[in-house]
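Q: I'd like a close look at one part of this protein: the spot where the ligand sits. Could you walk me through it?

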Amino acid sequence: MGKIRVGIIGVGNCASALIQGIEFYKTSGESEIGLMHQEIGGYRLEDITFTSAFDVGVNKVGKHLSEAIYEEPNLVKWVQKVSDCDVIVKESPILDGVGIYVENKIKPVANQRPLNTLKDGVIEEIERSRTEVLINYLPVGSQLATEFWADVALETGCGFVNCIPVFIASNNMWAERFAQKGLPVIGDDIKAVVGATIVHRALAKLCADRGTIVDQTYQINVGGNTDFLNLKEVERLESKKISKTEAVQSVLPRRLPEDKIYVGPSDFIPQLGNTKIAFIKIQGRMFANIPFTIELRLEVDDKANSAGIAVDAIRCCKLALDRGLGGALVEASAWLMKHPPKQIEDSEAKKMLETWISTHSK
Ligand SMILES: NC(=O)c1ccc[n+]([C@@H]2O[C@H](COP(=O)([O-])OP(=O)(O)OC[C@H]3O[C@@H](n4cnc5c(N)ncnc54)[C@H](O)[C@@H]3O)[C@@H](O)[C@H]2O)c1
């Protein structure tokens with residue numbers, strides 16, 4: 001099979017983890033660890049190749065991607081060196097990408113050229129590099145910047161994997177635009193491998209399957225990277241809260257009133273770095289109206305948690321491109337993303353995606 005030519009939007013911790021993780025698999029031969037799929041449509045992990053990259057950090061733009069992924073404020077250091085990443089990181093328009101709390105860490109380039117000039121530049125780079133899948137890793141709250149990049153995907157004929165909670169695949173207008181161009185879009189907002197969302201959903205589903213009533217629940221998340229620091233800016237948080245809350249509400253047989261459910265990122269604790277800690281509590285009633293409580297603490301590397309999903313999303317997107325399937329990919333989005341076009345219970349979504357993969361792999 002040919003390679004999958006991927007362009008990265010936002011060379012932060014998630015991008016760094018994706019690239020270093022693929023290098024780990026290439027060099028260690030440990031292909032049995034931590035992968036949901038060895039192959040999707042004949043594509044293995046090592047078929048993912050990075051052909052373009054875009055950022056705004058003054059210490060990343062103009063560098064080789066293989067160096068930029070180690071630049072501050074990135075924290076991932078899983079492998080010393082990565083191969084096959086010789087592309088130069090190009091400048092992206094800042095638009096609303098950089099929040100007030102992270103500005104002094106990201107250090108965006110000053111005096112950007114006009115938007116049209118930047119757009120011509122990124123389109124030229126994507127076409128020159130024959131990039132075919134764009135993966136969006138912009139900070140939460142990048143509404144305009146994500147829309148800019150979704151437009152670029154449409155103009156350059158790329159598939160789009162939207163890892164962030166700006167609604168593209170789950171927005172009818174955008175999904176329709178991708179469908180009309182015959183281009184696939186997967187989104188929105190990565191549902192991490194063993195993240196707070198899928199664990200919370202599994203517990204809520206278990207409570208429902210066992211006939212209990214869930215009366216109230218919360219999920220608090222803390223972490224120490226720029227993703228969490230950015231989320232201290234409440235105005236940028238709105239879509240993330242919708243995405244995370246809806247992911248849990250949608251598996252409850254009876255929706256909870258707003259004051260009985262809290263799901264959201266809750267604080268930035270610098271010493272945690274890329275470690276994310278989630279606290280989940282569910283209170284309900286079981287047989288004979290007797291109360292019960294579940295409390296759970298999850299500690300996980302947030303970036304391994306994201307990259308393990310991205311490698312499947314990229315390969316599903318490429319498979320759809322190969323087969324000429326346009327629009328929002330419902331099955332892949334439901335299994336891999338928190339805010340898909342259609343919420344489907346996880347075990348069902350997994351089955352549907354396996355069927356989708358095997359149908360289109362033939
Ligand atoms: N488990 C997870 O890590 C997880 C799960 C779901 C969603 N996400 C989302 O993925 C996104 C990326 O997370 P991260 O940890 O890599 O964040 P990050 O802060 O490490 O990286 C963001 C990158 O985007 C760059 N950037 C900012 N504005 C830009 C612009 N206009 N154009 C191009 N680049 C720009 C920054 O310079 C930085 O390199 C976040 O929105 C996060 O919420 C992550």
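Which domains is the protein divided into, and which of them give residues to the shell around the ligand?

A: Sure. Keep in mind that this is a predicted model. The protein splits into domain 1, made of 4-191 + 304-361, and domain 2, which covers 196-300. Taken over C-alpha atoms, the centres of domain 1 and domain 2 are 26 Å apart. The two do touch: 25 residues of domain 1 are in contact with 26 residues of domain 2. On the domain 1 side of that meeting, you'll find eleven nonpolar, seven polar and seven charged residues.

Now for the ligand itself. Both domain 1 and domain 2 give residues to the shell around the ligand, so the ligand lies between them. There are 35 residues around the ligand, and the ones that come nearest are Gly10, Gly12, Cys14, Ser92 and Gly97. If you'd rather go element by element, α1 (13-28), β2 (48-55), α8 (226-230) and α10 (302-323) each give two or more residues to the shell. The largest share belongs to α10, with four residues. As for chemistry, the shell divides into 20 nonpolar, ten polar and five charged residues.

To put that in context, the whole protein has twelve helices and eleven strands. Its radius of gyration is 20 Å, close to the 21 Å that the globule rule gives for 362 residues, so the protein is as compact as a globular protein of that length. Buried residues make up 46% of the 362.

Technical notes: Residues numbered from 1 in each chain as written. Predicted model: local features only at pLDDT ≥ 70, side-chain atom pairs only at ≥ 80, totals over all residues. Rg over C-alpha atoms; globule rule 2.2 N^0.38 Å. Buried ≥ 20, exposed ≤ 12 C-beta atoms within 10 Å, placed from the backbone. Domains from an automatic or database assignment. Contact = placed C-beta atoms within 7 Å. Nonpolar A, V, L, I, M, F, W, Y, C, P; charged D, E, K, R; others polar. Near = placed C-beta within 6 Å.
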